[in-house]
Number of protein chains: 2
Amino acid sequence: MQQEKKPNTPSTAVIKRLARYYRYLRTLHEEGVTKINSKDFSELMNVTSSQIRQDLNCFGGFGQQGYGYNIEYLLGKIGEILGVNEQYRAIIIGIGRLGQAIASSAVFAKRGVSVCGLFDISDSVIGKTVAGIEVRHPDELERFISENKVDIAVLTLTAKEAHRVAETVNALGVNAFWNFTSTEIKLNNPSALVENVHMGDSLMTLCYQIRHNSEEGSNAQ
Amino acid sequence: MQQEKKPNTPSTAVIKRLARYYRYLRTLHEEGVTKINSKDFSELMNVTSSQIRQDLNCFGGFGQQGYGYNIEYLLGKIGEILGVNEQYRAIIIGIGRLGQAIASSAVFAKRGVSVCGLFDISDSVIGKTVAGIEVRHPDELERFISENKVDIAVLTLTAKEAHRVAETVNALGVNAFWNFTSTEIKLNNPSALVENVHMGDSLMTLCYQIRHNSEEGSNAQ
């Protein structure tokens, strides 16, 4: 059964665009730019001005007609909408190369998320320190989650183990999953949130475009 | 100016779904499943049967009405559409933690792509071997690309350097970019292909959902 969409609930597409606006505005802000008119912002984002206006209007709108956007203000507002200031805390499960790369990346800090725990079943990493945090055995998950506020579990373990571990962690009270495995996570708890980064699907999209482009090229000859 | 869409050119959304079907079918195939009826496949994919049929019909359709889908056949066909058998070759530029993780991951081999070169400006990795491949200085890019078929450049370097390096590599003849940096790559060459993996946008989407969910919870009390 399709759940009826509530009025004023923005679509995922709107949220994805807001996240993208946020990323751009953040760079402009870092570069010292204070203001941008809607035409320039539209060109930079490759999104029409009216689409941007419409997206912002979902949340009340923050442009001053004819004066463009104040970057610091808009950045703050979009950040607020997206939860940048909520100081969410994440654990990473699976500290192989990808888990280590993600643990060490700036992606969390830039979005106000802090990594508080790392877990892996392999003796070769347990006890080691990655990005300043000690890697623990998953047996410690229960105690750790009961003693620490954990909002997000990042899944960088093998696809095979991902579902079982996600159910366990969800039962311990963590409700949001950032899934880097090749499998999709469907949890028993319908309120659990899963956001996927399926790198393979992305690579396939690129391969399709290459193939399609070269076919066009050969057709043109 | 909006380019007119050619008839029979499937949208990016269709291609993304095909990539997802491919991933699932691949897992089923590995598990020894040979056939799946359209209802089960629809439930597994969380996409309506008619949407799946429509997606496949873009390419001629491969289901046998009433008999469901032959997994090996469908996998082969979708793989063909997506270019899995084209044996594309990739170089990775930026061999920090993320570049190393990606170089070592199964994501390429699973999609028929092979990594043939690794490049980084840092003396601490140049000359080292990652995933069986020696890391080279970007000064060697020109010679390397002239001597090797390179279809894809994976960008795992800093956002600051990404654009300049992408233009250089594009001028050397590499036309497809898999971009992991936080910046968007807009190349002078309009036929260049860029596929982005913006992890930060994905994390922000998840944060928004957490915030929105908890608001709903508190409203309900």
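Q: Let's start with one residue. Where in chain B is Thr181(B) found?

A: This is a predicted model, so keep that in mind as we go. Thr181(B) sits in the loop between E8 and E9 of chain B.

Q: Is Thr181(B) buried or exposed?

A: The general idea is to look at the relative accessible area, where buried means under 20%. Thr181(B) has a value of 4%, so this residue is buried.

Q: What does the side chain of Thr181(B) make a polar contact with?

A: One partner is the side chain of Asn179(B), at 2.8 Å. The Thr181(B) side chain also reaches the backbone oxygen of Thr183(B), at 3.2 Å.

Q: Leaving aside neighbours within four places in sequence, which residues is Thr181(B) in contact with?

A: With those neighbours set aside, the contacts of Thr181(B) are Leu155(B), Leu157(B), Thr158(B), Ala159(B), Ala162(B) and His198(B).

Q: I'd like a loop residue to set beside that one. Where does Ala109(B) lie?

A: Look in the loop between H5 and strand E4 (114–119) of chain B.

Q: And is Ala109(B) buried or exposed?

A: The cut-off for exposed is over 50%. Ala109(B) has a relative accessible area of 63%, so it counts as exposed. You can also try a distance here: Ala109(B) and Gln87(B) are 22 residues apart in sequence, and their C-alpha atoms are 9.4 Å apart in space.

Q: Let's zoom out. How many helices and strands does chain A have?

A: There are nine helices and nine strands in chain A. Its C-alpha atoms fill a box of roughly 60 × 50 × 45 Å along the principal axes. Of the 221 residues in chain A, 46% are buried. As for the surface, chain A exposes about 11200 Å², with 47% of that supplied by carbon and sulfur atoms.

Q: What can I learn from contacts between residues at least 6 apart in sequence in chain A?

A: Take the contacts in chain A that meet that condition: 56% of them join residues at least 24 apart.

Q: Now the two chains together. How much area do chain B and chain A bury between them?

A: The size of an interface is often given as the accessible area lost when the parts come together. Here chain B and chain A bury about 5600 Å² between them, 62% of it on carbon and sulfur atoms. On chain B's side, Leu203(B), Met204(B) and Tyr208(B) supply 12% of the area buried against chain A, more than any other three residues. Counted by contacts, 64 residues of chain B meet 64 residues of chain A.

Q: How many residue pairs are in polar contact across the interface of chain B and chain A?

A: The rule finds 34 such pairs, both residues being at pLDDT 80 or more. Several elements of chain B each supply at least two residues to the side that touches chain A, among them helix H1 (12–30), helix H2 (38–45) and strand E9 (193–196). H8(B) gives the most, with 16 residues. Sorted by class, that side of chain B has 30 nonpolar, 17 polar and 17 charged residues.

Q: How many salt bridges does the rule find across the interface of chain B and chain A?

A: Side chains of opposite charge can pair when their charged atoms come close. Across this interface the rule finds eight salt bridges, while a search of the whole structure gives 26 over all chains.

Q: Which side chain meets that of Asp201(A) in a salt bridge?

A: That would be Arg23(B), at 2.8 Å from N to O. The pair crosses between chains, from helix H9 (residues 199–220) of chain A to helix H1 of chain B. Both ends are buried: Asp201(A) has 7% relative accessibility and Arg23(B) has 5%. There is also a network, in which salt bridges that share partners join Arg20(A), Arg23(A), Glu184(B) and Asp201(B). Within it, the side chains of Asp201(B) and Arg23(A) meet at 2.8 Å, N to O.

Q: Why does the pair of Lys16(A) and Glu195(A) tie together parts that are 179 residues apart in sequence?

A: Lys16(A) lies in helix H1 (residues 12–30) of chain A and Glu195(A) in strand E9 (residues 193–196) of chain A, so their pairing links those parts. Their side chains meet in a salt bridge at 2.8 Å, N to O. Lys16(A) is partly exposed at 33% relative accessibility, whereas Glu195(A) is buried at 7%.

Methods:
Residues are numbered from 1 along each chain as its sequence is written. Chains are lettered from A and ligands numbered from 1 in the order in which they are written. This is a predicted model: local features need pLDDT of at least 70, side-chain atom pairs count only at pLDDT 80 or more; totals for chains, interfaces and linings use all residues. Side-chain values use heavy atoms; hydrogens and water are left out. Contact means heavy atoms within 4.5 Å. Buried area is the accessible area (1.4 Å probe) that two parts lose on being put together, summed over both. A salt bridge is a side-chain nitrogen of Lys or Arg within 4 Å of a carboxyl oxygen of Asp or Glu. A polar contact is a pair of N or O atoms within 3.5 Å; within protein, one must be able to donate a hydrogen and the other to accept it, and residues adjacent in sequence count only if both atoms are side-chain atoms. Helices (H or I, at least four residues) and strands (E, at least two) are DSSP runs, numbered from the N terminus. Ala, Val, Leu, Ile, Met, Phe, Trp, Tyr, Cys and Pro count as nonpolar, Asp, Glu, Lys and Arg as charged, and the others, Gly among them, as polar. Buried means under 20% relative accessible area, exposed over 50%, partly exposed in between (1.4 Å probe, protein chains only). Accessible areas come from the Shrake-Rupley method with a 1.4 Å probe; for residues, only the protein chains shown count as cover.
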